Amino acid sequence: MTVAPAVSADPTAVPQEAAQPGRWRRMPTKGKVGVVLSAVFVLAAIIGPLVTPYDPSYQNPSPSASMNAPSAAHLLGTTQSGQDVMSQLLVGIRLTLELGIIVGLVATAIAVIVGVTAAFLGGWWDELLSLLTNVFLVIPALPLLIILLGYLPNKGEAPTIFVLSVLGWPWGARVIRAQTLAIRNRDFVAASRETGERTWRIIAFEIIPNEVSLIAASFVNTVLYAIGASVALAFIGVADLNSWSLGTMLYWAESQQALQLGAWWWFVPPGLVVALMGTALVLLNTGIDELGNPRLRDASSASRIAGRWLKPADPTPVLSEISQRRNGLAGFLHSFSRSSLLEGAEPGEGR
Amino acid sequence: MSFIVRRLVFYLVAAWVALTINFFIPRLIPGNAVESIMAKFPNSLQPSAYRAIEAMLGVGHSGSIWHQYVAYVVDIFHFNFGTSSSEYPAQVSTLLGETLPWTIILVGTATVIAFLIGTVLGIAAGWRHGGSLDRVLPGLMFLQAIPYFFFALILLELFAVKLQVFPIAQGYSQGLVPGWHWDFISSAIYHSLLPALTIVLASIAGWMLQMRNVMITTIGEDYVVAAQAKGLPNRRVIITYAARNAILPQLQGFGLAVGFVVSGALIMEIVFSYPGIGLLLVNAVTSNDYPLMQGIFLVITFAVLLANLIVDLVIVFVDPRARAREATR
């Protein structure tokens, strides 16, 4: 997703802005916070490893350097073997975020391919691909990840990315298939088919552009999943333990008993960063959701309409506005949130 | 085909896919389990012992792939998951039987509690959209984003180490003999409180957010507006009109999320040294015990599928449309 820079607050520009508010303006506060937080982490991942004060793996042999509480020399203290926690954290953010983004890209690409193919080919292909999607959605991923990685001869970054991507696509595929099915029969697609457009052109120029916000949401979700899973895997030791990621930091902190020794500066920062990254991504996703579905927004007029302050006396004008708005992505989100497993169980859905 | 039969067929297919994946993984990347044992005793084991270890672990591949597959499926149906290499000569099924009850009781109860509380809070937040519960949403999102095991570490530090209200680890006090007597049961409950609290606190936000969003969408429906216009009491509108309908997607979401929650809870068990299947899994991973890992994968998958099936039965029970279709077809 793209975020337009904030427009200038020049009062003379106000009427123009009101007519065409920028995307940033329309973004709900939660979404803005999500964008800013995510940007901070991306920045930390890019710049971090270049400005680390120490080599994260350097073990200071002097006993006085072991288990230091945070100080000016070591902003986040040191580990038992005298390694600098701040340096490990900066390198770790890079590695974890990098892994999450690569997995997000690969898995979302698979999801788009599977979802669009299923919806477009229909018939047996659709049945088969949907079945596959649902099966992989219901099989718990983590134990499977563990055996797959357990059997692979090396547990470095590349196999982890591969395995996480292989198991990370079903959620996105399912949502994208549903959306494609919804758009496939719309007039503009029918029109381009009548004019003799090739199928790939219809998919690339008519279908995909209409799914951008959904694909973005799916990407953000996959990154979230990849970060969570990779940290959990590293925590139990299924990772390259010689590299510094947030997960391996937690692994070493746990295995060298940081908790029991009271070295909170050792295990709190990596966990906190994982949690903040997760929060940033969830907020980002909420922002994308609310952009598409005005009803979920708070503090706007919609909340009053949907909430209990609705006065039955004169609901018509506002309600009709909502049902109009529901045609696009919001309509889809609405239908998705209400249907899914019970296919065809929503009699009022097709209106 | 009725709804339940259709779902049953789907879960059977899913179980079969899991079985088949489990069958092919070691065959596509062969030799590891045996090699890990060989590596443990580099001096005492001759290379010729390779076949013997294979036979011992039941991983020797003889006959056509089809024969192996049939034998494998027959074994699984007899709960024969092979022999553990790290706790040799214990059978994988014995180890699973010892640990599974711990995990099912802890994770099952905690998940259901979290789901119920989260759903009720979600109904409240959705109804009073923009109210005080909405203001804590970002905090809940943060809570939800914390990895289970990290949350467990923090709670352990706070409640067990600093305040010493809860025991530090294990499933029951040392020296007690497991059995159906009060000493043991009370000790087990006491030891499970902190892990259960971790699961509840870490997963409650997810259920709440989901329910809130569906609730907001449902409240905008015409039938809810009509119910309000009729002058029905708020309580009735919330429960029988809005929540009753919003609960269906929530239940479906429960089915899909249960695998995720279980995965998180498994890792969390390590932090508490809880004698469940998660700890067993991690021990299997650290000692390269492949038969055990695979057995655990299958058992967890089947448990999750079963949980999904139960959720579907609940859906049929709650949703009159599903019930009506059950009756007519």
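**Two helices and a shared interface**

In this predicted model, a good place to begin is just past helix H12 of chain A, where Gln257(A) adopts a positive phi of about 60°. The helix that comes before Gln257(A) spans residues 246-255, and nine of its 10 residues are buried, so H12(A) is largely enclosed by the rest of the structure. The buried set runs through Leu246(A), Gly247(A), Thr248(A), Met249(A), Leu250(A), Tyr251(A), Trp252(A), Ala253(A) and Glu254(A).

Chain B offers a helix with a bend to look at. Helix H11(B) covers residues 234-272, 39 residues in total. A straight helix would reach 57 Å at 1.5 Å a residue, yet the end C-alpha atoms of H11(B) are only 44 Å apart. Along the way, H11(B) bends by about 45° at Ala243(B). This helix is also mostly covered, with 28 of its 39 residues buried. Just after H11(B) comes Ser273(B), whose phi is positive, at about 45°.

The two chains meet through contacts between 54 residues of chain A and 60 residues of chain B. On the chain A side, at least two residues each are supplied by H5 (123-138), H6 (141-151), H11 (212-235), H13 (264-292), H14 (301-306) and H16 (329-338) of that chain. H6(A) provides the largest share of this side, nine residues. By residue type, the side of chain A that touches chain B consists of 37 nonpolar, 12 polar and five charged residues.

Note on methods
Residues are numbered from 1 along each chain as its sequence is written. Chains are lettered from A and ligands numbered from 1 in the order in which they are written. This is a predicted model: local features need pLDDT of at least 70, side-chain atom pairs count only at pLDDT 80 or more; totals for chains, interfaces and linings use all residues. Helices (H or I, at least four residues) and strands (E, at least two) are DSSP runs, numbered from the N terminus. The expected span of a helix is 1.5 Å times one less than its number of residues. The bend at a residue is the angle between axes fitted to the seven residues ending there and the seven starting there. A residue is buried if 20 or more other C-beta atoms lie within 10 Å of its own, exposed if 12 or fewer, and partly exposed in between; C-beta atoms are placed from the backbone. Two residues are in contact if their C-beta atoms, placed from the backbone, lie within 7 Å. Ala, Val, Leu, Ile, Met, Phe, Trp, Tyr, Cys and Pro count as nonpolar, Asp, Glu, Lys and Arg as charged, and the others, Gly among them, as polar.
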